[in-house]
Amino acid sequence: MAKKRVEVALQEEIETQEEWENTLQREGLIIIDIYQEWCGPCKAAVGLFRRIKAELNDDLLNFAVAKADGVESLDKYRGKCEPCFLFFGGGRLVAAVRGVNPPVLEKTILEKLKQEHEVMRGEVERVEIRDPVLLAKELAEAEERRRREEEEEVLQEVTVAVLKPDIVESGRIDEIINDLMEKGIEIIERKEHMFTKDEAENLYDKLKDEPYFQKLVEFMTSGPSEVLLCVKGAEGIVEELKGLVGPTVFETDVENPW
């Protein structure tokens, strides 16, 4: 009596994260139909896959169906009913096709299977891709987040403060900066700077008619100062800084005042 022929399933079934990871470790090209329990796998493509598999008789060509509901790696594919076929080679995504378009599916299978053979022969490098639809969605979401952040951005007052040579010499810079930060003033940038005579004169130009002007210039050029670029999300930072570090505080809209 002849033995009854046992038909091997065309598509491997994947229902858990562990099964998903094990499947991706298989050698060759594997085309995975992503589905959800409420809509089921795509039956329209099965006939096409069976024909291609029979015609090519290639052990490197494999098919599977994966239930997104139970596979953590497929969480972004949930909630969609459009057929989605992911092509993996060596555990890497190499193509993605949406919708049941037999000519496109067959062309993609033949191209990627040929490439997989070339990769395994060491003739080319495998090229991994991002799912174009998911990538476009991520970019759109990132752009939306950026737009919202810009809309919600609080107008900030930017100010330059100069810690004079006597403060630098006394070693109180960190103490003063800590005081500023405790008051909600952010130090965007800091830099030690040795003022030249011309720079000091320009710095105190409003005081040039005062009798102590030259002594002030000499003092500012006697040693290094610490220049701070400060910002706070509220008005009044200039007066607040003057109370903490003295009168050498300037409002600025220049990105780099150095």
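1. Let's start with the contacts. Take those in the protein with a separation of 6 or more: residues 24 or more positions apart account for 74% of them. Keep in mind while you look around that this is a predicted model.

2. Next, the overall make-up. The protein has 258 residues, and 37% of them are buried. Its secondary structure comes to 9 helices and 9 strands. On the outside, the protein exposes about 16,400 Å², with carbon and sulfur atoms supplying 49% of that area.

3. Now have a look at the charges on the surface. Which residues form a negative patch there? You'll find Glu13, Glu18, Glu19, Glu21, Glu72 and Asp75 in it. Helix α1, which covers residues 17-24, gives the patch its largest share, 3 residues.

4. One member of that patch is Glu13, and it sits in strand β1, residues 11-14. Is Glu13 buried or exposed? Its relative accessibility is 57%, so Glu13 counts as exposed, since the cut-off for that word is over 50%.

5. Glu118 makes a handy contrast, so find helix α3, residues 102-120, where Glu118 has its place. Glu118 counts as buried because its relative accessibility is 15%, and buried means under 20%.

6. Stay with Glu118 for a moment. What does this residue touch, if you skip residues up to four places away in sequence? The answer is Glu123 and Val124.

Terms used: Residues numbered from 1 in each chain as written. Predicted model: local features only at pLDDT ≥ 70, side-chain atom pairs only at ≥ 80, totals over all residues. Heavy atoms only, no water. Patch = residues over 30% accessible without salt bridge, like charges linked within 9 Å, V, L, I, M, F, W, Y side chains within 5 Å. Areas by Shrake-Rupley, 256 points an atom, 1.4 Å probe, with all protein chains shown as cover. Salt bridge = Lys/Arg side-chain N within 4 Å of Asp/Glu carboxyl O. Lys, Arg positive; Asp, Glu negative; His and termini not counted. Charge placed at Lys NZ, Arg CZ, Asp CG, Glu CD. Helix = DSSP H or I, 4+ residues; strand = E, 2+ residues; numbered from the N terminus. Buried < 20%, exposed > 50% of the residue type's maximum accessible area, 1.4 Å probe, protein only. Contact = heavy atoms within 4.5 Å.
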